[in-house]
Amino acid sequence: MKTFMNGRVLLDTNILVYIYDPLDTAKQERAIALTDQLIRSRKAVISTQVLGEFFMDTTRTRRSLLTPAEALVRIRNYLSACHVVDITRLISLETIRGVETHHFGFWDAQIWATARLNQIEEIYTEDFASGAMVEGVRFTNPFID
């Protein structure tokens, strides 16, 4: 697992959702291992956006993975185990710049803006080309070698 400068890694929602999704056991095992490693090394970062998306993705899909009560327990655990970044006014403005300049979708731009403005140089996600670097933020798909 590669990390940069301060070594902190912003986890996108899809990484956390795989932890509770038994449909793809290889991705589930990988998501559990890398999230555990980042939490133990105190390098795991999540945003308030990711927490909201996690709740919705695990409780409101056709194939619910968690009950709302179970999701709340997991969210409380992430709040205590990870560094949590709030979505601020500046992140909102930078998100719009990411949409305009880089043609990101809004929610992906917000993940990028959150990392960029908090000096987090790496995002674990499936939503971008792995290895892509945009203004000092690297996107890594941890499910591909």
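This is a short talk on the fold, the core and the salt bridges of one protein model.

Okay, so keep in mind that what you're looking at is a predicted model. Let's start with the overall picture. The protein has six helices and six strands, and if you walk along the sequence the order is β-α-α-β-α-α-β-α-α-β-β-β. The C-alpha atoms fit in a box of roughly 40 × 30 × 25 Å along the principal axes. How does the radius of gyration sit against that of a compact globule? For 145 residues you'd look for something near 15 Å, and the protein has 14 Å, so that agrees.

On the inside, 43% of the 145 residues are buried. There's also a lot of long-range contact: of the contacts between residues at least 6 apart in sequence, 60% join residues at least 24 apart.

Now the core. The largest nonpolar core has 40 residues, and L11, L16, I46, F54, Y78 and F139 are the ones with the most contacts inside it. Take L11: leaving out residues up to four places away in sequence, L11 touches a list that includes L16, L34, L38, I46, V50 and Y124.

F54 brings us to helix 3, residues 48-59, where F54 is buried along with Q49, V50, L51, T58 and T59. What covers those buried residues? Among the elements doing it are strand 1, helix 1, strand 2, helix 4, strand 3 and helix 6. Helix 3 itself spans 17 Å over its 12 residues, close to the expected 16 Å.

Right, charges. Side chains of opposite charge can pair when their charged atoms come close. There are six salt bridges in the structure, and I'll show you three.

First up, K27 with E126, where the closest N and O atoms are 2.7 Å apart. This one ties together distant parts of the chain, with K27 in helix 2 and E126 in the loop between strand 4 and strand 5, 99 residues apart. K27 is partly exposed at 22% relative accessible area, and E126 is partly exposed at 25%.

Next, R40 and D36, at 2.8 Å between the closest N and O atoms. These two are four residues apart in helix 2, so about one helical turn separates them. R40 is exposed, at 66%, while D36 counts as partly exposed at 34%.

Last one: E94 and R97, at 2.7 Å. They sit three residues apart in helix 5, again about one turn. Is E94 buried or exposed? Buried, with a relative accessible area of 10%. And through shared partners, salt bridges join E94, R97, R116 and E135 into one network.

Notes. Residues numbered from 1 in each chain as written. Predicted model: local features only at pLDDT ≥ 70, side-chain atom pairs only at ≥ 80, totals over all residues. Heavy atoms only, no water. Expected span 1.5 Å × (residues − 1). Buried < 20%, exposed > 50% of the residue type's maximum accessible area, 1.4 Å probe, protein only. Contact = heavy atoms within 4.5 Å. Core = buried A, V, L, I, M, F, W, Y, C linked by side-chain atoms within 4.5 Å. Rg over C-alpha atoms; globule rule 2.2 N^0.38 Å. Salt bridge = Lys/Arg side-chain N within 4 Å of Asp/Glu carboxyl O.
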